[in-house]
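Here are my notes on this one, jotted down while going through it. Have a look at the structure first, then read on.

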Amino acid sequence: MKNKLYRLAVMLVTILMVLTLPQSILAETIGTETVLPTANYRTHVQNIGWQD
């Protein structure tokens, strides 16, 4: 019983933490513009080489 209550409490705290994350952690504000993070990647295909 204690184990189930502990797991439920941990899940609730985790959900609350995610829902209350400040926007500044997820995006950067420069002046009045919000800049979201981006990712660039390339792939390598065997016998062909690097692809954009």
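The points below go from the overall picture to a few individual residues.

1. Bear in mind that this is a predicted model. The protein chain averages a pLDDT of 80, and 79% of the residues score at least 70. Where does confidence run lowest and highest? The low end is helix 2 (residues 23-26), with a mean of 59, while strand 3 (residues 43-45) comes out on top at 93. I'd read helix 2 with that mean of 59 in mind.

2. On the overall layout, the protein chain has 2 helices and 4 strands. Going along the sequence, they come in the order α-α-β-β-β-β.

3. There is little burial here: of the 52 residues in the protein chain, buried ones make up 4%. The accessible surface of the chain is about 5,500 Å², and carbon and sulfur atoms account for 62% of that.

4. Helix 1 covers residues 2-19, L5 among them. From first C-alpha to last, this 18-residue helix reaches 26 Å, close to the 26 Å expected at 1.5 Å a residue. How many of its residues are buried? The number is 0 of 18, so helix 1 lies largely in the open.

5. Then there's a nonpolar surface patch of about 570 Å², built from M1, L5, L8, M11 and L12. L5 ties this patch to helix 1, since that is where L5 sits. As a reminder, an α-helix has 3.6 residues a turn, so residues three or four places apart point the same way. That is worth keeping in mind when you look at the spacing of L5, L8, M11 and L12 in the patch.

6. N47 caught my eye next. Its phi is near 65 degrees, a positive value in a residue other than glycine. Most residues other than glycine have a negative phi. N47 belongs to the loop between strand 3 and strand 4. Is N47 buried or exposed? With a relative accessible area of 77%, N47 counts as exposed because the cut-off is over 50%.

7. Last, W50, which lies in strand 4 (residues 49-51). W50 is exposed too, at a relative accessible area of 55%. Leaving aside residues up to four places away in sequence, W50 touches R42, T43 and H44.

Note on methods: Residues are numbered from 1 along each chain as its sequence is written. This is a predicted model: local features need pLDDT of at least 70, side-chain atom pairs count only at pLDDT 80 or more; totals for chains, interfaces and linings use all residues. Side-chain values use heavy atoms; hydrogens and water are left out. Patches are made of residues with over 30% relative accessible area and no salt bridge: like charges are joined within 9 Å, nonpolar side chains (Val, Leu, Ile, Met, Phe, Trp, Tyr) within 5 Å. Accessible areas come from the Shrake-Rupley method with a 1.4 Å probe; for residues, only the protein chains shown count as cover. A salt bridge is a side-chain nitrogen of Lys or Arg within 4 Å of a carboxyl oxygen of Asp or Glu. The expected span of a helix is 1.5 Å times one less than its number of residues. Buried means under 20% relative accessible area, exposed over 50%, partly exposed in between (1.4 Å probe, protein chains only). Contact means heavy atoms within 4.5 Å. pLDDT is the predictor's confidence in each residue, from 0 to 100.
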